[in-house]
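Please take a moment with the sequence and the model shown below before reading on. The paragraphs after them are meant for a reader who has not met this structure before.

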Amino acid sequence: MATYNTLGPTYARTRRPDPRIAARIRAALGDAADVVDVGAGTGSYEPPGTVLAVEPSRVMIDQRPPHSAPAVRAVAERLPVRDGAVDAAMAVLTVHHWTDLAAGVRELRRIARRRVVVLTWDQRVFRERWWLVRDYLPEAAAFDDARAVDVDHLADLLGGARQETVPVPYDCTDGFAAAYWRRPHAYLDPQVRAGISLLAQTGDEVNGPGLARLADDLATGRWHDRYGELLALDAADLGYRLLVADL
């Protein structure tokens, strides 16, 4: 995930953990006394019991808060952790970056004694319900089609994980891809886009025409005519899924 050596410098400014999503992740981890966070980034959702963060990007590690869990530069497919070292392993919005999904999942299951928790998204739901990729940025949608992980396949690799829907709050503080579904102007902000790998990796040259249409639709009121019903919602299911596997 050297990708984040390029995308990561402004990450901590726009990717602050949302407490409601954090609560869901911690509930999924249950009473795990010790946890390894894989693909940890800046450590947004690590519970107090985190004993190690695994992250390949030095840029991301350098943005971790003081007194957070120790971090090691490594990849999910080769975790420098002994078998059954911790109660639980977690991976938050990272599996789509792994080069070998099956190997990474095997490693999660190898190091965890009791549970594995993974936050990802269902591309089928994401593509259908998130208006930005569906109606403005088809090239970005195609990019995600190529890298998104099939959640049913992931659940099978995890040994039959259960899937939980994670609605996105309208005022989500973590600026991941669909976080601004009710705040469309945010997607016109280059700093916001820089913290979203989908938009940063496809780039403004590709996304520029769609973003220009969005800006025009916001200026003329067409966006509100088309999507105004969203403004009455407090949260939306845009495909984000929490997979919980008991070992």
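What follows is a walk through the structure, beginning with the sheet and ending with a pair of helices.

The model is a predicted one, and a convenient place to enter it is its open sheet of seven strands, which has mixed pairing and the order S3-S2-S1-S4-S5-S9-S6. Strand S3, residues 71-72, and strand S6, residues 162-165, stand at the edges, and because each has a single partner strand, one side of each is left without a neighbour in the sheet. As a general point, the strands of a sheet pair through backbone hydrogen bonds, either parallel or antiparallel.

Within this sheet, S4 may serve as a guide, since seven of its seven residues are buried and the strand is therefore largely enclosed by the rest of the structure. S4 pairs with S1 in the parallel sense over three bridges; across this pairing, valine 35 has alanine 88 as its bridge partner, while the bridge partner of valine 36 is alanine 89. S4 also pairs with S5, again in the parallel sense, and here the pairing runs over six bridges, with alanine 91 standing opposite valine 118 of S5.

One residue of strand S4 that deserves a closer look is aspartate 87. Is aspartate 87 buried or exposed? With a relative accessible area of 7%, aspartate 87 falls under the 20% limit and so counts as buried. Its side chain is joined to that of arginine 113 by a polar contact of 2.7 Å. If neighbours within four places in sequence are left aside, the residues in contact with aspartate 87 are Asp31, Ala32, Ala33, Asp34, Ala112, Arg113, Arg114 and Arg115.

Beyond S4 the chain enters a loop that leads to helix H5, residues 101-111, and this loop holds histidine 97 as well as leucine 93. Most residues other than glycine have a negative phi. Leucine 93, however, has a positive phi, near 45°, without being a glycine, and this residue is buried, with a relative accessible area of 16%. Histidine 97 is likewise buried, at a relative accessible area of 14%, and its side chain makes a polar contact of 3.1 Å with the side chain of histidine 96.

At the N-terminal end of H5, aspartate 100 acts as a cap, one of its side-chain oxygens lying 3.3 Å from the backbone nitrogen of alanine 102. H5 lies across S1, S4 and S5, and runs at about 145° to S5. Which residues of H5 are buried? They are Leu101, Ala103, Gly104, Val105, Glu107, Leu108 and Ile111, and what covers them includes S1, S4, S5 and helix H9, the last of these spanning residues 151-157. In an α-helix there are 3.6 residues a turn, so residues three or four places apart point the same way.

The loop between helix H4 and S3 holds two further residues of interest, histidine 67 and proline 70. Histidine 67 has a positive phi of about 70° although it is not a glycine, and with a relative accessible area of 85% histidine 67 is exposed. Proline 70, at 51% relative accessibility, also counts as exposed, because the limit for that class is over 50%. Apart from its neighbours within four places in sequence, proline 70 is in contact with Val51, Leu52 and Ala53. The C-alpha atom of proline 70 is separated by 28 Å from that of valine 149, a residue 79 places away along the chain.

The last stop is a helix pair, formed by helix H8, residues 138-147, and helix H11, residues 197-220, whose axes come within 9 Å and cross at roughly 145°. The crossing of H8 and H11 is right-handed. On the side of H8 the contact is made by Glu139, Ala140, Phe143, Asp144 and Arg147, and on the side of H11 by Ser197, Leu198, Leu199, Gln201, Thr202, Val206 and Asn207. Sorted by class, the residues in this contact of H8 with H11 are five nonpolar, four polar and three charged.

Methods. Residues numbered from 1 in each chain as written. Predicted model: local features only at pLDDT ≥ 70, side-chain atom pairs only at ≥ 80, totals over all residues. Heavy atoms only, no water. Helix = DSSP H or I, 4+ residues; strand = E, 2+ residues; numbered from the N terminus. Buried < 20%, exposed > 50% of the residue type's maximum accessible area, 1.4 Å probe, protein only. Polar contact = N/O pair within 3.5 Å; in protein donor to acceptor, adjacent residues only side chain to side chain. Contact = heavy atoms within 4.5 Å. Axes fitted to C-alpha atoms, helices over the stretch in contact; angles between N-to-C directions. Left-handed = near helix turned anticlockwise from the far one by under 90°. Nonpolar A, V, L, I, M, F, W, Y, C, P; charged D, E, K, R; others polar. Pairing = 2+ DSSP bridges.
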